[in-house]
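Trainee: Could you choose one part of this model and take me through it closely, beginning with the term that you rely on first?

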Amino acid sequence: MTGWWRRWRRTRTLERRAIPDALWQQTLARYPFLAARSEARVTALREMATLFLAHKEFGGAGGLAVDDAMAVAIAAQACLPALELGLSWLDGFVGIVVHPDAVVAHREREDEVGVVHSYDEELSGEAMDGGPVMLAWRDVDEAGESAAEGYNVVIHEFAHVIDMRGGFTAGAEEADRSTARGRWLRSLLLEHERFVRRADRDDETFLDPYAAESLEEFFAVGSEAFFVAPATLKTEQPRLYRLLAEVYRQDPERDRMEQGGREAPLDGADGKART
Ligand SMILES: [Zn+2]
């Protein structure tokens, strides 16, 4: 595509398929963490979500029909981490499959001595390279309430999408300290190692202990908290907050303070797995 065509198509999509005002306002009200930034950024998020909706294919599983409000809720949360990077960062897949609730996946894992362990895992989301992205609607629906716990399944899965595209957490052990990227990766690895030690001691951690699983999961779980509970993450893990701010080119806590400093009220969230 040439530049003018791309721009023309973008303008046309924004004009013809813009998210209706009432639906957008309803989405911001249900997920207050989307609105805790400047008017210009919220407008940019709405435009990106409009283009996202035009380019992605939503499918309901298990008898679920994905309506406009559900698609907009997913699009807005999916675009939040890509807001300053650009929509092209989410280009690697097209399909989004929405299940009514968590899905039980049968897993098999071989341990160090070659014994295969099989077990069931309850998933509320999954992102695979090339897609599709799977989401459990129940968790998406409750994302406004679970924000105080730093929990957000859409941001978790799209953090994986962005990580797969950018290769942020790849090759940590061989990271070259002479490059900015290598230093970033070494710092993330150190933060992860500290977190794993705390999780091993059963210390109370703000981040879900699932973050100890791997560097990729640490990045994704940290990204959830970064976007939906930035004040708490910045207090609890200031170094991780800074590392994520560098990658996403955003500072949600500064935005939140500029908008009056509201954060979602504390409420319970369950601890389902998302891979
Ligand atoms: Zn994950």
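Mentor: Contact means heavy atoms within 4.5 Å, and on that basis W24, leaving aside residues up to four places away in sequence, touches I19, V42, L45, R46, A49, V72 and A76. This is a predicted model, in which local features need pLDDT (the predictor's confidence in each residue, from 0 to 100) of at least 70, side-chain atom pairs count only at pLDDT 80 or more, and totals for chains, interfaces and linings use all residues. Residues are numbered from 1 along each chain as its sequence is written, and side-chain values use heavy atoms, with hydrogens and water left out. The protein chain has a mean pLDDT of 91, with 92% of its residues at 70 or more.

W24 and F158 are among the residues with the most contacts inside the largest nonpolar core, a set of 82 residues (buried Ala, Val, Leu, Ile, Met, Phe, Trp, Tyr and Cys joined through side-chain atoms within 4.5 Å).

The part I would examine is α7, which covers residues 153–166 (a helix is a DSSP run of H or I, at least four residues, numbered from the N terminus). Of its 14 residues, 11 are buried, meaning under 20% relative accessible area with a 1.4 Å probe and protein chains only; they run from V153 to D163 and include F158, H156, E157 and H160. Because 1.5 Å a residue gives an expected span of 20 Å (1.5 Å times one less than the number of residues), the 20 Å between the end C-alpha atoms of α7 agrees with it. At the start of α7, a side-chain oxygen of N152 comes to within 3.1 Å of the backbone nitrogen of V154, while after α7 comes G167, with a positive phi near 65°.

How values were computed. Buried < 20%, exposed > 50% of the residue type's maximum accessible area, 1.4 Å probe, protein only. Helix = DSSP H or I, 4+ residues; strand = E, 2+ residues; numbered from the N terminus. Polar contact = N/O pair within 3.5 Å; in protein donor to acceptor, adjacent residues only side chain to side chain.
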